[in-house]
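Here are three short exercises on empty space and surface for you to work through. Take a look at the model, then try each task before reading its solution.

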Amino acid sequence: MLIQQSRITVETTTGPLGIEIIQPKIVGYPNARFPGVVVWSEIYNVTGPVLRFANQIAAQGYIVAAPNVFHEFAGNEPIPYDAEGTDAGNSFKVKKLLSATDEDITKAIDTLVAHPNCTGQIGATGMCYGGHLAFRTALDPRCKAAVCYFATDIHSASLSPTGDDSLERASKGEIRGEVVMIFGTQDGHVPLEGRNKIRNALTASSVQPPLRLSFLELQANHAFIR
């Protein structure tokens, strides 16, 4: 399927958030509508690999919104895949306020829902840091499904200067859609103990209604989807 890309900039309390929009292009049908997917990046904003990932999703018949996660620190451009960029991204993910993360999630969903080519049905996906953000996006009742690739820091609740409550809220039944968690068994970012903690919390009998969960562990290292 043909696709096209544009950028929408929305205002947030921490500054302009650039959201890359990738959508199917059907010649002769400019008003065709598609389900929406929020694609969350790693700690490097929307890089080439993340954009290719988003393009593949859009080419299957979805309208994709890919926010630049660290817009308030690094603007709305990619952060380099090098030692300096990695150090910066890792510092940003614990420096960013949880309220700012949640605002970005809301703005991303709002952008898709308001888009004239979106049906209003919303899903989310992401890798690494973005896998956690996809999981947190699933806490929004408008999100019907989330596919989370090697979602980091859910087990440690360590996003933001004061930590996060993503797993705690999910274990209380706040996620009403379907969730797929995908991890690599060789991933040092989410070790066996962390994966077990996440799985046990999400499958406990106290989670009501029970979460529609698929939990996959593959013989792979970190960031294999990239």
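The exercises below deal with a predicted model.

**Exercise 1.** Describe the largest pocket: its volume, its lining and the strands behind that lining.

*Solution.* Start with the space itself, which is about 270 Å³. Next, look at the 15 lining residues: Val37, Tyr62, Gly123, Ala124 and Ala145 are the closest to the pocket's centre. Then turn to the strands: β3 (34–40), β5 (118–127) and β6 (143–149) each contribute at least two lining residues. The largest share, 5 residues, belongs to β5. Finally, sort the lining by class to get 9 nonpolar, 5 polar and 1 charged residues.

**Exercise 2.** Find how many cavities of 30 Å³ or more the whole structure holds, and work out what lines the largest cavity.

*Solution.* A search of the whole structure gives 1 cavity of 30 Å³ or more. The volume of the largest cavity is about 30 Å³. Its lining is made up of Trp40, Val69, Lys96, Thr101, Asp104, Ile105, Tyr129 and Leu133. Two elements, α4 (98–114) and α5 (129–137), give two or more residues to this lining, and α4 gives the most, with 3 residues. By class, the cavity lining has 5 nonpolar, 1 polar and 2 charged residues.

**Exercise 3.** Is tyrosine 29 buried or exposed, and which nonpolar surface patch does Tyr29 help to make?

*Solution.* First, locate tyrosine 29 in the loop between β2 (15–24) and β3. Its relative accessible area is 58%; the cut-off for exposed is over 50%, so tyrosine 29 is exposed. Last, Tyr29 joins Met1 and Ile26 in a nonpolar surface patch of about 340 Å².

Methods:
Residues are numbered from 1 along each chain as its sequence is written. This is a predicted model: local features need pLDDT of at least 70, side-chain atom pairs count only at pLDDT 80 or more; totals for chains, interfaces and linings use all residues. Side-chain values use heavy atoms; hydrogens and water are left out. On a 1 Å grid over the protein atoms alone, a cavity is a set of points where a 1.4 Å probe fits but cannot get out, and a pocket is an open set with protein on both sides within 12 Å along at least five of seven lines; lining residues have an atom within 4 Å of a point. Grid points are joined across faces, edges and corners, and a volume is the space filled by probe spheres set on the points. Helices (H or I, at least four residues) and strands (E, at least two) are DSSP runs, numbered from the N terminus. Ala, Val, Leu, Ile, Met, Phe, Trp, Tyr, Cys and Pro count as nonpolar, Asp, Glu, Lys and Arg as charged, and the others, Gly among them, as polar. Patches are made of residues with over 30% relative accessible area and no salt bridge: like charges are joined within 9 Å, nonpolar side chains (Val, Leu, Ile, Met, Phe, Trp, Tyr) within 5 Å. Accessible areas come from the Shrake-Rupley method with a 1.4 Å probe; for residues, only the protein chains shown count as cover. A salt bridge is a side-chain nitrogen of Lys or Arg within 4 Å of a carboxyl oxygen of Asp or Glu. Buried means under 20% relative accessible area, exposed over 50%, partly exposed in between (1.4 Å probe, protein chains only).
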